[in-house]
Amino acid sequence: QVQLAESGGGSVQAGGSLRLSCTVSGDTSRRYCMGWFRQSPGMEREGVAIINTGGGSAYYAAAVNGRFTISQDNAKNTVYVQMNSLRPEDTAMYYCAARENQCDPAHLVWESAFNYWGQGTQVTVSS
């Protein structure tokens, strides 16, 4: 019923930038929080950035705070993450997620609270 589609991944040198997009289709009436998670091979999925749609706070993982910015365009049912000053440690598959309630910082480490997930887009940062 609800589908998330990520785009914007690619390969970039350390210090470069990328912007990822996540577009929501289907029933968008109860998507109260959206966010980005990432996962590297052999590692746990980790929260990157989350935002409360309809006006609210955004929260970031310490590893990306100051470098990444999450934003939304509700008219387009799209959430973005602008990723600047990329590092090799940022290399991962990045997933978009949505939750039918508000988020607080704890949701960065509580991925099971998110109801819907995209297929992911790969980001590779070379040194």
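A salt bridge is taken here as a side-chain nitrogen of Lys or Arg within 4 Å of a carboxyl oxygen of Asp or Glu, and by this rule the count comes to three salt bridges. The model is a predicted one, in which local features need pLDDT of at least 70 and side-chain atom pairs count only at pLDDT 80 or more, while totals for chains, interfaces and linings use all residues. Residues are numbered from 1 along each chain as its sequence is written, and side-chain values use heavy atoms, with hydrogens and water left out.

**Salt bridges**

| Pair | N to O distance |
|---|---|
| R38 and E46 | 2.8 Å |
| R38 and D90 | 2.9 Å |
| D90 and R67 | 2.8 Å |

Through shared partners, these salt bridges join R38, E46, R67 and D90 into one network. Side chains of opposite charge can pair when their charged atoms come close.

The burial of the members is described by relative accessible area, computed with a 1.4 Å probe on protein chains only, where buried means under 20%, exposed over 50%, and partly exposed in between. R38 is buried at 5%, D90 is buried at 1%, and R67 also counts as buried, at 9%. E46, by contrast, is partly exposed, with a relative accessibility of 38%.

Two of the pairs can also be placed along the chain, with strands (E, at least two residues) and helices (H or I, at least four) taken as DSSP runs numbered from the N terminus. R38 lies in strand 4 (residues 33-39) and its partner D90 in the loop between strand 8 and strand 9 (92-99), so that this salt bridge links distant parts of the chain, 52 residues apart. The pair of D90 and R67 likewise links distant parts, since R67 sits in the loop between strand 6 (58-60) and strand 7, 23 residues from D90.

**The open sheet**

Strands are said to pair if DSSP finds at least two bridges between them. Four strands form an open sheet in the order 1-3-8-7, with antiparallel pairing. Strand 1 (2-7) and strand 7 (68-73) stand at the edges, and because each has a single partner strand, one side of each is left without a neighbour in the sheet. Neighbouring strands of this sheet are turned by 15° against each other on average, direction ignored; the axes behind this value are lines fitted to C-alpha atoms, for helices over the stretch in contact, and angles run from 0 to 180 degrees between N-to-C directions.

At one edge, strand 7 pairs with strand 8 (residues 78-83) in the antiparallel sense over six bridges, and Q72 stands opposite V79 in strand 8.
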